[in-house]
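Grab a pencil and work through these exercises with the structure open beside you. Try each task before you read its solution.

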Amino acid sequence: MADHGGGGGCCPPMDLFRSEPMHLVQIIIPIESAHLTASYLGDIGLIQFKDLNAEKSPFQRTYAGQIKRCGEMARKLRYFKDQMSKAGLTPTPKTEAQGDINLDDLEVKLGDLEAELIEVNANSEKLQRGYNELVEYKLVLQKAGEFFRTAESSVVAQQREVSSDQTPEESLETPLLTDQDSKTEQGKQVKLGVLAGLVAKGKSMAFERILFRATRGNVFLRQSTVEEAVVDPSSGEKVEKNVFLVFYSGERAKSKVLKICEAFGANRYPFVEDLSKQEQTITEVSGRTSELKRTIDAGLLHRGNLLQTIGEQYERWNLLVRKEKSIYHTLNMLSIDVTKKCLVAEGWSPIYATEQIQDALARATIDSNSQVGAIFRILHTKELPPTFFRTNKFTESFQTIVDAYGVAKYQEANPGVYTVVTFPFLFAVMFGDWGHGICILLAALFLIFKEKKYSTQKLGDIMEMTFGGRYVILLMSLFSIYTGLIYNEFFSVPFELFSPSAYVCRDTSCSEATTIGLIKGRDTYPFGVDPAWHGSRSELPFLNSLKMKMSILIGVAQMNLGIIMSFFNALYFKNPVNIWFQFIPQMIFLNGLFGYLSFLIILKWCIGSKADLYHIMIYMFLSPTDDLGENQLFANQKTVQLVLLLLSLVAVPWMLLPKPFILKAQYNRTHQGESYTPLEGEDQSLQVESNHDSHEEFEFSEVFVHQLIHTIEFVLGAVSNTASYLRLWALSLAHSELSTVFYEKVLLLAWGYNNVIILGIGILVFIFATVGVLLVMETLSAFLHALRLHWVEFQNKFYEGDGYKFHPFSFMLLGDEDE
């Protein structure tokens, strides 16, 4: 959530440890200043209104008509935006307001603009359809004319051939039939009709077959392909078409051809066989086409100017309509007084915002010329307030990680404070390589550098999620560089960064380095793992031991932090039962076993003992009284282990038994002799709603079973959660080994061939493998494992997470919502 009111002197410094103190307020607003009051409260965005008309449907509420008006205006604006996107225009960014515009005036203006735009579109569509038909008509005339000219030239050629074979007394003008024969044949002469048009190229073969079958071959069809796709007048889409000519005989054949043309969506056009008339028609059509083109261009220019005018004001109008709609939605949540002269509002607000709200109410009264001011008062209730953390762009992403598990209960300790450090640190423990860390750092810095640009753009789901967590990625990369320096790994290659290695060869030829090993010849390497360990036969046993023990130490420390947080929660909510019968036994149980193990790990590192910690912990349970022998690390160790074991055993019934009985005694003492419900006067309706929890029956069996489950969960969880932290060791080892494999088996192997082409391929494979596997998949894997460690192993020690977020009525949030 954005930082609300962060700059004013009335606001306390940002505090993430506990949510902002809230109170329930009641505002009685005169009806004449209600709209302006809601507008000013939306500007400051620090009050979450309660719906006092929940039993009413949206259509029964006071301002349903105004919301309907705003919805209609929003529809018109969406129509304008759709038209602008089709025209390739984008609304200009919000500029300084050129004078306030009234909602009534805007409604009229939008109606006029919509009517004008619809009329322009209709005329443009009609003209475009006519233009497309003329273009098709011209194509039909040209293609069909070519057919007739070809036919005429072929007839002339045939006649010339015939004339050359004729006797001298015969000529072309000599009739083939005598007058008598002609008279007898006149009754048998057939007049052929012709239909011309265009049909889709994909349908032409089917069109020809259907014509042949329907007329039993009694038609003559000629088709010619149009070289370029033409715009179909009906659909407005570009389609590849063929020009066709159908010669038929008789009305029945004509009706069949017409029906087939209609079924195939073929466009028919009038056609004359006279070649001179065809040329004349083509000339006429060309003139009409050019005239229509000029008219269409003028219409498009007018439409573009109209849309440009709308685009200049679109953002302003859209913001006004959305504001008005949200104001009326809010006013519909208020209850109207029986006198219908004022509205009653109830809502949650931070305590620090009281002065700002009162200032806004006073300004609304003055600006609306109301004779009566709004009444502001604080209501006392036991209802749980919403949770509100004031975050900035840096802490917001870490708070989002916590909220994804569950929103903190009002005023409970917020793990987000510690997540800022612990989350990237645990990630880095699993991702320790300062070369890979630098790569992620560059990506994070790029996102931060492009922050202003990307924050105003609509990004894809994955990119938006990555951009939202840019500061998390930044810290993850910095911690990865730090742990990479500790592990001394740069793309799995060790470097002597801080001093030469402390180990030297036993002889000048280093022949025994891989068998017997090295000897210490200099001072200890000052920071991180000595580079001599990498590549030695002891590398894996040494690093495994180091990382496994380090994982246990980190896990026990973080689980202890979680239990300590439960102490501060109990202290804050004045719950001594949870301190004495939850916090203390949990600390004893966890540290009696795994805290002791952590102590032994550190002690063994300090004194350099060869004691077997596995043996010590196992026989601490199996044979606590046996002598430790060579596994003894300090004096009286056996006695200390016996005491810790007994305390851990005592801690289990300490957690389980007393708390349910104490809660039952408290309930009986609180409700002893209570046989009536006290009246609370003017706040009775509020108290009846909010005090229902205090009159619930106390079910001892339910409480006891809940405590039993909680105890078993903690006891088993202490073991499983500690083991769960070993994922830090496992993923760190996997990351290191994968990095080594890519370096040695890809890059060094390609280098060994002494071939430029193979080396180039090897480098490409190494880059793609590093980016795809180590920088993407391994990053996601380590992120998810760090997320699990926080949600389960850390937060389940103290975090209830059953609250609900503070959602204030704010115009700042309108930009995040789509209509």
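Before you start: the chain's secondary structure comes to 23 helices and 13 strands, and the model is a predicted one.

**Exercise 1. Work out the strand order of the open sheet with 4 strands, and find its edges.**

Step 1: Walk across the sheet from one side to the other. You should get β4-β7-β3-β8, with antiparallel pairing.

Step 2: Look for strands that pair on one side only. These are the edge strands, β4 (220-225) and β8 (267-269).

Step 3: Check how the strands turn relative to each other. From one strand to the next, the twist averages 25°.

Step 4: Zoom in on β3 (residues 193-200) and β8. They run antiparallel and are joined by 3 bridges. Here you can spot Leu198 standing opposite Asn267 of β8.

**Exercise 2. Find which strands helices α5 and α6 touch as they pack on this sheet.**

Step 1: Start with α5, residues 204-215. This helix touches β3, β4 and β7 (241-248), and its direction makes about 175° with that of β4.

Step 2: Now try α6, residues 251-263. Helix α6 touches β3, β7 and β8, and its direction makes about 165° with that of β7.

**Exercise 3. Decide whether Lys574 and Asn636 are buried or exposed, and say what is notable about phi in each.**

Step 1: Recall the general rule. Most residues other than glycine have a negative phi.

Step 2: Compare that with the two residues. Phi is near 55° for Lys574 and near 60° for Asn636; each is a positive value in a residue other than glycine.

Step 3: Place them. Lys574 sits in the loop between α15 (539-572) and α16 (576-607), while Asn636 belongs to the loop between α17 and α18 (637-656).

Step 4: Apply the cut-off, which is over 50% relative accessible area for exposed. Lys574 has 71%, so Lys574 counts as exposed. Asn636 has 57%, so Asn636 is exposed too.

**Exercise 4. Which residues form a nonpolar patch on the surface with Tyr619, and how exposed is Tyr619?**

Step 1: List the members. Along with Tyr619, the patch holds Tyr614, Ile618, Phe621 and Leu622, and together they have about 570 Å² of accessible area.

Step 2: Find Tyr619 in helix α17, residues 613-622.

Step 3: Classify Tyr619. Its relative accessible area is 38%, so Tyr619 is partly exposed.

**Exercise 5. What percentage of the 819 residues in the chain is buried?**

Buried residues make up 41% of the chain. As for the outside, the accessible surface comes to about 45,600 Å², with 59% belonging to carbon and sulfur atoms.

Notes:
Residues numbered from 1 in each chain as written. Predicted model: local features only at pLDDT ≥ 70, side-chain atom pairs only at ≥ 80, totals over all residues. Heavy atoms only, no water. Pairing = 2+ DSSP bridges. Helix = DSSP H or I, 4+ residues; strand = E, 2+ residues; numbered from the N terminus. Axes fitted to C-alpha atoms, helices over the stretch in contact; angles between N-to-C directions. Contact = heavy atoms within 4.5 Å. Buried < 20%, exposed > 50% of the residue type's maximum accessible area, 1.4 Å probe, protein only. Areas by Shrake-Rupley, 256 points an atom, 1.4 Å probe, with all protein chains shown as cover. Patch = residues over 30% accessible without salt bridge, like charges linked within 9 Å, V, L, I, M, F, W, Y side chains within 5 Å. Salt bridge = Lys/Arg side-chain N within 4 Å of Asp/Glu carboxyl O.
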